[in-house]
Amino acid sequence: MTDTPLISPAEVAQLMETGPCVVIDTRDPESYAAGHIPGAVNVHDIFTYLATSSPEGIAELKGKFEDAFGAVGLSGEETAIIYEQSMNTGFGQSCRGYFLLQYLGYPKIAVLHGGFEAWTAAEMPVSSDAVAPEPKTFPSSETGMSLMMGVEDMLAAVKDESVVKLDVRDIDEWIAESSSPYGKDFCPRKGRIPGAKWIEWYRMMKPTPSGPMIKSKEEVLAECATVGIMPDTPVALYCFKGARASNTYLALKEAGVKDVKIYFGSWNEWSRDPALPIEEGLPY
């Protein structure tokens with residue numbers, strides 16, 4: 001395996017032939033049933049699950065995904081290979097799976113760079129056969145716990161000017177026109193976490209013949225520099241529910257930004273507590 005978690009269709013195929021792996025399709029069940037990578041299992045909850053950062057919420061999240069990843073056959077011996085439709089149409093859901101597995105301390109994780117779109121562009125085989133995985137005991141550990149921020153962590157970051165609070169939501173959410181991708185009024189409040197900077201998550205990608213791909217290290221660092229992020233800058237990411245932030249997380253880590261964490265509850269959690277501060281209206 002390469003030294004990057006972003007791997008090509010050819011590398012995925014090689015891993016499937018040479019070592020134990022579990023290929024995880026994060027798309028909706030209908031898309032999965034219409035055609036998927038042969039042998040892949042479907043875990044759409046990677047994308048849909050809405051997390052909260054209360055102790056009860058974290059315990060629920062850990063239990064749910066330890067069970068889900070164990071049920072599809074991850075024991076620690078297998079490489080988890082995760083994919084979505086393409087890097088810019090699944091709201092970062094394959095990267096959300098990558099982040100969740102890192103948070104749970106899983107040792108071997110890869111993301112199909114370009115997603116299913118890249119797989120089909122490479123004329124790789126596609127199957128519509130159902131898969132019955134052999135359940136395993138998922139090896140949860142504490143090694144990744146510090147990667148996920150809670151409300152108190154984000155409140156501390158708001159007060160710390162050395163930390164860049166990076167909002168990567170779509171433009172209508174950033175300017176407080178909409179509260180979420182689920183609709184303008186899905187959340188009770190529209191706005192931003194105070195002091196946040198903004199890079200729309202799409203800017204971490206560029207078009208290629210195989211579909212959108214995450215930009216090179218130099219290109220990502222150039223985007224980061226526009227909001228004052230250097231390789232040594234602490235970064236606190238958020239979006240609506242941690243998916244688009246996970247796409248940006250992977251881009252920043254691959255570019256060499258050392259200290260990146262995600263406030264996983266993101267705007268879905270923050271906006272629902274009227275005691276938490278927000279900036280409303282246009283950001284200028």
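What covers the buried residues of α9? I shall begin there, with the reminder that what we are looking at is a predicted model.

Helix α9 spans residues 217-225, and its buried residues are Val220, Glu223 and Cys224. Viewed down the axis of α9, these buried residues fall within an arc of 100 degrees, so they line one face of the helix. The cover over them includes α10, residues 243-254.

A second helix, α7, can be described in a similar manner. In α7, residues 151-158, the buried residues are Val151, Met154, Leu155 and Ala157. Their arc, seen down the axis of α7, is 160 degrees, so they too line one face of their helix. The elements they pack against are the strands β6 (148-149), β7 (164-167), β11 (235-238) and β12 (260-263), together with helix α11 (266-270).

This brings me to the sheet. Five strands form an open sheet in the order β6-β12-β11-β7-β8, and the pairing is parallel. β6 and β8 stand at the edges with a single partner strand each, so one side of each has no neighbour in the sheet. Within this sheet, β11 and β12 pair in the parallel sense over three bridges. Val235 stands opposite Val260 of β12.

I turn next to strand β4, residues 79-83. Is this strand enclosed or exposed? Five of its five residues are buried, so β4 is largely enclosed by the rest of the structure. In a regular strand, side chains alternate between the two faces of the sheet. In β4, Thr79, Ile81 and Tyr83 point one way, while Ala80 and Ile82 point the other way, and all are buried.

β4 also has pairing partners that we can specify. Strand β2, residues 21-25, runs parallel to β4 and is joined to it by five bridges. Strand β5, residues 109-112, pairs with β4 in the parallel sense over three bridges. Ala80 appears in both pairings: it is the bridge partner of Val22 from β2, and its own bridge partner in β5 is Ile109.

Finally, the surface. Which residues form a nonpolar patch there? They are Leu50, Tyr182 and Phe186, with about 260 Å² of accessible area together. Phe186 lies in the loop between α8 (171-174) and β8 (197-198). Because its relative accessibility is 35%, Phe186 counts as partly exposed.

Note on methods:
Residues are numbered from 1 along each chain as its sequence is written. This is a predicted model: local features need pLDDT of at least 70, side-chain atom pairs count only at pLDDT 80 or more; totals for chains, interfaces and linings use all residues. Side-chain values use heavy atoms; hydrogens and water are left out. Patches are made of residues with over 30% relative accessible area and no salt bridge: like charges are joined within 9 Å, nonpolar side chains (Val, Leu, Ile, Met, Phe, Trp, Tyr) within 5 Å. Accessible areas come from the Shrake-Rupley method with a 1.4 Å probe; for residues, only the protein chains shown count as cover. A salt bridge is a side-chain nitrogen of Lys or Arg within 4 Å of a carboxyl oxygen of Asp or Glu. Helices (H or I, at least four residues) and strands (E, at least two) are DSSP runs, numbered from the N terminus. Buried means under 20% relative accessible area, exposed over 50%, partly exposed in between (1.4 Å probe, protein chains only). The arc is that of the directions from the helix axis to the C-beta atoms. Contact means heavy atoms within 4.5 Å. Two strands pair if DSSP finds at least two bridges between them.
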